[in-house]
Amino acid sequence: MTQKFDVVVIGAGPGGYVAAIKAAQLGLKTACIEKYQDGEGKLALGGTCLNVGCIPSKALLDSSWKFHEAQDGFAIHGINHAGVTIDVPAMIGRKSNIVKNLTGGVAGLFKSNGVTVLQGHGKLLAGKKVEVTGPNGVEIVEADNVILASGSRPIDIPPAPVDQKTIVDSTGALEFQQVPKRLGVIGAGVIGLELGSVWSRLGSEVTVLEALDTFLMAADTAVSKEALKTFTKQGLDIKLGARVTGSEVQGEEVLVKYTDANGEQTITFDKLIVAVGRRPVTTDLLASDSGVDIDERGFIYVDDYCTTSVPGVYAIGDVVRGLMLAHKASEEGIMVVERIKGHKAVMNYDLIPSVIYTHPEIAWVGKTEQTLKAEGVEVNVGSFPFAASGRAMAANDTGGFVKVIADAKTDRVLGVHVIGPSAAELVQQGAIAMEFGTSAEDLGMMVFSHPTLSEALHEAALAVNGGAIHIANRKKR
Ligand code: FAD
Ligand code: AMP
């Protein structure tokens, strides 16, 4: 007999699994279809984020940072020790255990919430039926509502075909068993910078080849300038305006050709990471008569509420327009399920924080100064350097700053940009303030614990109107 559900979700990434849990919590009979298998051939929930994305990359960033600190960061505290070494397979093993724990945790949450897991490939047919092709054959399930959450995968470029040995994508770069001596990274985006940082801290000579002339275009210009300076000091050789045009694997190495302002160049690496972005996964997801439209860039077309062209069919996360971020996917999942239940949930797309987990971390929410200027909005800006923060000094982590941008007329905070220690956590405070329409003055009048890194946000908010205490104000009151 055909199984029938209130909600069927295709894909168990942070979009799909969160949507499925929420749906079950709201009393909807829910199934989630997932096909991904881990290295041991077992079904693994959690999608890109848990298996080969956010979590494993952060595990390696944290391990490599500890190694870097143990090598170069302890002496200033008076801690002297010699002979620090790195056991790469142990580091990778730790990362894999974290992944296993978390993906197993999602399976546990499905069980405790009563979400039915259907293992296999899901395909939307006409009439909100879904075909599941799994280890035991083909099954058709029916649903009142279908949520498509099939996510994304790395973009391949013809000049550097991934073989997962010498030329790898982000997934392969999480599995190196030894530190490559010469590491090339194509693309100075978030993923390229994070993975480049991991291996650079462990000893690789890292060269990043970026086709664009501008570094971190989405970030506030003050932040991207500071970031380029800092990463370069850390030893990352970031070549801007360098477009990769070809590559040739020669034994254990790869010869990469690129063009820059001086013409054609060549460079040799031991490993090459291709990190040129991600594209939506819609392969065999939609039957030709499903009625779901795809936009010109290959994303499933949705409106602001993640409704597709078919009533009762929704799409969320990396497979639809917008930032390719786990928290964006999850919140879209929650919004969709709440709306299925008849609640009036709306997602605030203007306040999705972005984070780059390098050191220093980079994070922002809201608009950049350059965007606001281009839009003709008059702004006041306040900045506070971590070099003037007592807490940052205590931690010997004084690089970077907090920048708060406020509307010159209303004083409402329009953007918070941080490069520095705990930027990801600090920017969330800015996001909360902005969600409630806080002014820079109000933020400046709040009481912040001392000594904390958060005080840098407080001072930057005060600086917007010339009231910072621990630095000279650019603007006078
Ligand atoms: P996915 O996580 O891609 O999940 C989709 C799931 O659907 C997959 O499990 C797939 O197997 C399954 N699927 C696809 N098609 C079918 C089908 N037809 N039938 C059955 N199953 C199907 N984001 C952050 O916010 N923070 C970070 O720090 C961060 N770091 C990252 C680091 C790396 C190296 C990478 C690659 C990504 C990172 N991201 C990060 C991005 C984040 O992983 C994605 O934005 C997020 O996973 C998208 O969630 P999703 O649910 O839309 O899709
Ligand atoms: P993101 O989409 O943020 O992950 O960043 C990917 C980066 O890769 C972008 O900044 C692109 O400009 C860059 N990129 C894409 N193709 C090439 C190429 N052939 N050579 C060098 N950089 C590239």
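In this predicted model, a polar side-chain atom of Glu210 lies 2.6 Å from an oxygen atom of ligand 2. Two backbone contacts involve nitrogen on the ligand side. A polar backbone atom of Ala211 is 3.1 Å from a nitrogen atom of ligand 2, and a polar backbone atom of Val244 is 3.0 Å from a nitrogen atom of ligand 2. Ligand 2 taken alone exposes 510 Å², of which the protein buries 72%. The shell around ligand 2 is made up of 14 residues, and the closest are Gly187, Glu210, Ala211, Ala242 and Val244. Two strands, S10 (205-210) and S12 (243-250), each supply at least two residues of this shell. Sorted by class, the shell around ligand 2 holds nine nonpolar, three polar and two charged residues.

Ligand 1 is surrounded by 38 residues, with Glu34, Thr48, Lys58, Gly122 and Ala326 coming nearest. Polar contacts with ligand 1 include a polar side-chain atom of His121 at 3.4 Å from a nitrogen atom of the ligand. A polar backbone atom of Ala326 is 2.8 Å from an oxygen atom of ligand 1, while a polar side-chain atom of His327 lies 3.3 Å from an oxygen atom of ligand 1. Ligand 1 taken alone exposes 990 Å², and the protein buries 94% of that area. Two or more residues of the shell around ligand 1 come from each of strand S2 (30-34), helix H2 (47-52), helix H3 (54-72), S4 and H7. The most is given by H2, with four residues. By class, the shell around ligand 1 contains 16 nonpolar, 17 polar and five charged residues.

The UniProt record, an unreviewed entry, lists Lys58, Gly122, Asp318, Met324, Leu325, Ala326 and His327 under "binding site". These residues span 270 residues in sequence, and the farthest two C-alpha atoms are 29.7 Å apart, so the listed residues do not all gather at one spot. Among the listed residues, Lys58, Gly122 and Ala326 are also among those that come nearest to ligand 1.

Two of the listed residues, Gly122 and Met324, can be described in more detail. Gly122 lies in strand S4, which covers residues 121-124. The relative accessible area of Gly122 is 6%, so Gly122 is buried, the cut-off being under 20%. Leaving aside neighbours within four places in sequence, Gly122 is in contact with Ile10, Ile33, Val130, Glu131, Asp284 and Leu285. Met324, in turn, is found in the loop between strand S17 (313-315) and helix H7 (326-340). With a relative accessibility of 29%, Met324 counts as partly exposed, because this class runs between the 20% cut-off for buried and the 50% cut-off for exposed. Residues up to four places away in sequence not counted, Met324 touches Ser152, Arg278, Arg279, Pro280, Phe299 and Asp318. Asp318 is itself one of the residues in the UniProt "binding site" list.

The same unreviewed UniProt entry carries the annotation "domain: FAD/NAD(P)-binding", which covers residues 5-333. Over residues 5-333 the chain is 29% helix and 27% strand. The end C-alpha atoms of residues 5-333 are 17 Å apart.

Helix H1 (residues 16-25) is mostly covered, with eight of its 10 residues buried. The buried residues of H1 are Gly16, Tyr17, Val18, Ala19, Ala20, Ile21, Ala23 and Ala24. Their cover includes strand S1 (3-10), S2, H2, helix H4 (88-113), strand S6 (137-148) and H7. Of these covering elements, S2, H2 and H7 also give two or more residues to the shell around ligand 1. After H1 comes Gly27, with a positive phi near 85°.

A further buried position is Ser200, found in helix H5 (residues 190-201). The relative accessible area of Ser200 is 17%, so Ser200 falls under the 20% cut-off and is buried. Residues up to four places away in sequence not counted, Ser200 touches Val206, Gln234 and Leu236. Val206 falls within strand S10 (205-210), which also supplies at least two residues of the shell around ligand 2.

Notes. Residues numbered from 1 in each chain as written. Chains lettered and ligands numbered in written order. Predicted model: local features only at pLDDT ≥ 70, side-chain atom pairs only at ≥ 80, totals over all residues. Heavy atoms only, no water. Near = heavy atom within 4 Å. Polar contact = N/O pair within 3.5 Å; in protein donor to acceptor, adjacent residues only side chain to side chain. Areas by Shrake-Rupley, 256 points an atom, 1.4 Å probe, with all protein chains shown as cover. Nonpolar A, V, L, I, M, F, W, Y, C, P; charged D, E, K, R; others polar. UniProt positions renumbered as here; feature names shortened; annotations may be inferred. Buried < 20%, exposed > 50% of the residue type's maximum accessible area, 1.4 Å probe, protein only. Contact = heavy atoms within 4.5 Å.
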